[in-house]
Amino acid sequence: MNTSSYPVAGQSLDKTPDIDFRSDTVTKPSTAMRQFMSEAAVGDDVYGEDPSINALQLKVATLLNKEAALFVPSGTMSNLLALMSHCQRGEEIIIGDQYHICSHEAGGASVLGSIVMQSINTSAKGYITAGQVAAAIRPDDAHFAKSKLVCLENTVSGFVQPQAELEAITILARENNLKVHMDGARLMHAAIKTDCSPADLCKNVDSVSLCLSKGLGAPAGSVLSGSSSFIAGASRLRKMLGGGMRQAGILAAAGIYALDNNVQRLQQDHQLAYYFATELNKIAPLSVDLASVETNMLFVNFPLAQGKTAEQSLAKFLINSGICLGDTAPCRIVVHLDISRQDVDKTLAAITEYYRER
Ligand SMILES: *Cc1c(COP(=O)(O)O)cnc(C)c1O
C-alpha cells in the first residue's frame, strides 16, 4: 500500500481523543498491566541482572524458537541493531521499498550503520518475491556494495505475507550466503490470522524483531531474537547506541503481561476491523475492498462531503466528537485493544452524519 498514514510530526493533538484509530501504538497500559508492572522484580540489566527482562527474553526466544533474545526500547532500535549486527560498513541490504526500515526509520541503517539500502518494489499487499531478490543480488565486483542481508516484514500494512514466498526467499538467501532479518513488529497478528505458530512464521530467518507496543498493549519495548552469537553482538551495539537500560524490568513485565494476555484477543481486533469495513461500505460514497482487510488495518478514501471545503474534512469533523482518524489519503484505520464495538458503532454513526445530504 503506497501510503504514509503514520501520524505526522507536529500533528500532535491538544488532548487525547477518546477513540483513536491512527495506530495501534496509542493503547494505554490497563490497570491489570500496571499492577503487574508494579510488582516486577528488577535489577541492573546492563549487568544482566534484571530478572523480569531475563524472563521476557527467554519467553520470546522460546516463542520464536531462537537461541536468544534482547529487550530493547523500540522497534526502530531493534531493527537497527539487527542490521548493524549482520552488516559491516558498505555492505548492502535488499529490502521492500515500503518496509518500515526503508521508509520510516529516518535512514538510520545508512546514517548510523553505513549500510547501503537497495530497495525493491513491494506489491500492493506488501509482497516481495524471490525473483526480485535474486535479480537484486550484486555480483562480486568492486563497483558494487556487497549484498549481505535480505529484510522481510510481516505483517505489512496489515497484510499477512505469503509463507511460501517467504520460504523461497530464505532458501535463495542461504544459497547466496545472505542472512535474513524479519521485521515482525506485528508478527503476532500474522500468527493469529493464519493460525500458525510464530516460530513457524520465522522458521528460516536469522533474526526477528517483535514489537510489544503494537496492539499488544505494552507502553514500550521490542524484542530482537536470533542466535546466541548474534544477540551477543546486538547487546554490545545496544549499549553503544544508548539503549542499555537499568531497572527496566518494569517495562519488560508489561511485555510479559502483553504476551500472556493480549495475543489471542487480536482475533477480536481483526473481526472488528472487518466489521468496520463492511459497515463503511454501506455508507455512500464510501467503498472498502473487503479482501484487503486481513488483520487490524483498513485503508479508506474519505472524499469531502458534497459542498464541503478542504477545511471541512471528515477527520476535522470527527475530532469534535473525540474521534481521531489520520488525515491522509487513503486513511489508515487501525483497530486495537482500546477500540470497542461501541467505539466503532459511534464512529460509523458520526461518519454517516458527515455524509448525510443536507
Ligand atoms: C512501528 C514499527 C516499527 C518501529 O517500532 P517503534 O517502536 O515505533 O520504533 C518497525 N517496523 C514496523 C513494521 C512497524 O510498524
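**Exercise 1.** How do the residues of the lining of the second largest cavity divide into nonpolar, polar and charged?

*Solution.* The model is a predicted one.

Step 1: find the lining. The second largest cavity is lined by L152, Q163, L166, E167, T170, M182, D200, L201, C202, K203, N204 and V205.

Step 2: sort these residues by class. Those counted as nonpolar number 6, while 3 are polar and 3 are charged.

Step 3: note the volume. This second largest cavity holds about 60 Å³ of space. The structure has 3 cavities of 30 Å³ or more.

**Exercise 2.** Which helix supplies the largest share of the lining of the second largest cavity?

*Solution.* Step 1: look for elements that supply at least two residues each. Both α7, residues 163-175, and α9, residues 198-201, meet this condition.

Step 2: pick the largest share. It comes from α7, with 4 residues.

**Exercise 3.** Which residues are around the ligand, and how do they divide by class?

*Solution.* Step 1: list the shell. It is made up of S74, G75, T76, N79, H100, E105, E153, D183, A185, R186, C211 and K214. A residue belongs here if one of its heavy atoms lies within 4 Å of the ligand.

Step 2: sort by class. The shell has 5 charged and 5 polar residues, along with 2 nonpolar ones.

Step 3: look for the element that gives the most. Helix α3, which spans residues 75-86, contributes 3 residues to the shell.

**Exercise 4.** Where do G75, T76 and K214 have N or O atoms relative to an oxygen atom of the ligand?

*Solution.* Step 1: take the backbone case. In G75, a backbone N or O atom lies 2.8 Å from a ligand oxygen atom.

Step 2: take the side chains. An N or O atom in the side chain of T76 is 2.6 Å from an oxygen atom of the ligand. For K214, a polar side-chain atom lies 2.7 Å from an oxygen atom of the ligand.

Step 3: consider the cover. On its own the ligand has 380 Å² of accessible area, and the protein covers 86% of this.

**Exercise 5.** What is the volume of the largest pocket, and which residues lie nearest its centre?

*Solution.* Step 1: locate the pocket. The largest pocket is the space taken by the ligand.

Step 2: give the volume, which is about 270 Å³.

Step 3: examine the lining. It counts 20 residues, and T25, T76, H100, C211 and K214 are those nearest the centre of the pocket. By class, the lining has 10 polar, 6 nonpolar and 4 charged residues.

Step 4: trace the lining to an element. Helix α3 gives the largest share, 3 residues.

**Exercise 6.** Which peptide bonds, one from N154 and one from A284, are cis or trans?

*Solution.* Step 1: recall the background. Most peptide bonds are trans.

Step 2: check the bond from N154 to T155. This bond is cis, and its omega is near -5 degrees. T155 sits in the loop between β5, residues 146-153, and α7.

Step 3: check the bond that joins A284 and P285. This bond is also cis, with omega about 5 degrees. P285 is in the loop between α12 (266-280) and β9 (297-300).

**Exercise 7.** Is the phi of A106 positive or negative?

*Solution.* Step 1: recall the background. Most residues other than glycine have a negative phi.

Step 2: read the value. The phi of A106 is near 55 degrees, which is positive.

Step 3: place the residue. A106 lies in the loop between α4 (100-103) and α5 (108-113).

Technical notes:
Residues numbered from 1 in each chain as written. Predicted model: local features only at pLDDT ≥ 70, side-chain atom pairs only at ≥ 80, totals over all residues. Heavy atoms only, no water. Polar contact = N/O pair within 3.5 Å; in protein donor to acceptor, adjacent residues only side chain to side chain. Areas by Shrake-Rupley, 256 points an atom, 1.4 Å probe, with all protein chains shown as cover. 1 Å grid on protein atoms, 1.4 Å probe; cavity = no way out; pocket = protein on both sides within 12 Å on 5 of 7 lines; lining within 4 Å. Sits in = over half its atoms within 2 Å of the grid points. Nonpolar A, V, L, I, M, F, W, Y, C, P; charged D, E, K, R; others polar. Points joined across faces, edges and corners; volume = space filled by probe spheres on them.
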